[in-house]
Amino acid sequence: MPLAADETAQVVGAIDGLPPGTKPSFLLDLESGGPTELATLSGAVSRYAEAAGVAAPVHDTVAAVLG
């Protein structure tokens, strides 16, 4: 299914509408010294790729190093 013609404008508009100082959860995790979701997300990509029979070497490495 193709994206809407104005998809980029909608996403940028939503981001521009966030309150000043808004930070993504990944940055908040880094700033607090806590774990990030990167290993979990890359691990999921690796699992889905394996199930589909395709390679995802970058995600495999990230999941192995950070998991």
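## A four-helix chain, seen from helix α3

Helix α3 is followed by glycine 53, whose phi is positive, near 80°. This is a predicted model, in which local features need pLDDT of at least 70 and side-chain atom pairs count only at pLDDT 80 or more, while totals for chains, interfaces and linings use all residues. Residues are numbered from 1 along each chain as its sequence is written, and side-chain values use heavy atoms, with hydrogens and water left out.

Let us start with the whole chain. Its secondary structure consists of four helices and zero strands, and from the N terminus on the elements run α-α-α-α. The chain is more spread out than a compact globule, because its radius of gyration is 16 Å, well over the 11 Å that the globule rule gives for 67 residues. (That radius is taken over C-alpha atoms, and the rule is 2.2 Å times the number of residues to the power 0.38.) Along the principal axes, the C-alpha trace spans about 40 × 35 × 15 Å. Helices here are DSSP runs of H or I with at least four residues, strands are E runs of at least two, and both are numbered from the N terminus.

The surface fits into the picture next. The chain has an accessible surface of about 5,300 Å², and 67% of this belongs to carbon and sulfur atoms; the areas come from the Shrake-Rupley method with a 1.4 Å probe, and for residues only the protein chains shown count as cover. Buried residues make up 12% of the 67 residues, where buried means under 20% relative accessible area, exposed means over 50%, and partly exposed lies in between.

Back to α3, which covers residues 38-52. Its 15 residues should span 21 Å at 1.5 Å a residue, and its end C-alpha atoms are 21 Å apart, so the two values agree. The expected span is 1.5 Å times one less than the number of residues. The buried residues of this helix are Ala39, Ser42, Gly43, Ala44, Ser46 and Ala49. Helix α4 (57-66) is part of what covers them. Serine 42 shows this at the level of a single residue: setting aside neighbours within four places in sequence, it is in contact with His59, Val62 and Ala63, contact being heavy atoms within 4.5 Å.

Leucine 38 also lies in α3, but it belongs to the outside story as well. Together with Phe26, Leu27, Leu30, Val65 and Leu66, Leu38 makes a nonpolar surface patch of about 510 Å². Patch members have over 30% relative accessible area and no salt bridge; nonpolar side chains (Val, Leu, Ile, Met, Phe, Trp, Tyr) are joined within 5 Å, like charges within 9 Å. Helices α2 (25-32) and α4 each supply at least two residues of the patch, with the largest share, three residues, coming from α2.

The table places some residues from three of the helices next to each other.

| Residue | Helix | Relative accessibility | Class |
|---|---|---|---|
| Glycine 13 | α1 | 40% | partly exposed |
| Serine 25 | α2 | 44% | partly exposed |
| Leucine 28 | α2 | 44% | partly exposed |
| Leucine 38 | α3 | 32% | partly exposed |
| Serine 42 | α3 | 3% | buried |

Charge pairing comes next. Side chains of opposite charge can pair when their charged atoms come close. The structure holds one salt bridge, that is, a side-chain nitrogen of Lys or Arg within 4 Å of a carboxyl oxygen of Asp or Glu. The partners are lysine 23 and glutamate 31, with the closest N and O atoms 2.9 Å apart. Lysine 23 counts as partly exposed because its relative accessibility is 38%, and glutamate 31 counts as partly exposed at 48%.

Finally, a few distances help you find your way around the model. Glycine 13, in helix α1 (residues 7-16), is 53 residues from leucine 66 along the chain, and their C-alpha atoms are separated by 33 Å. Serine 25 is 12 residues from glycine 13 in sequence and 20 Å from it in space, C-alpha to C-alpha. For leucine 28 and leucine 18, 10 residues apart along the chain, the C-alpha separation is 16 Å.

Terms used:
Buried < 20%, exposed > 50% of the residue type's maximum accessible area, 1.4 Å probe, protein only.
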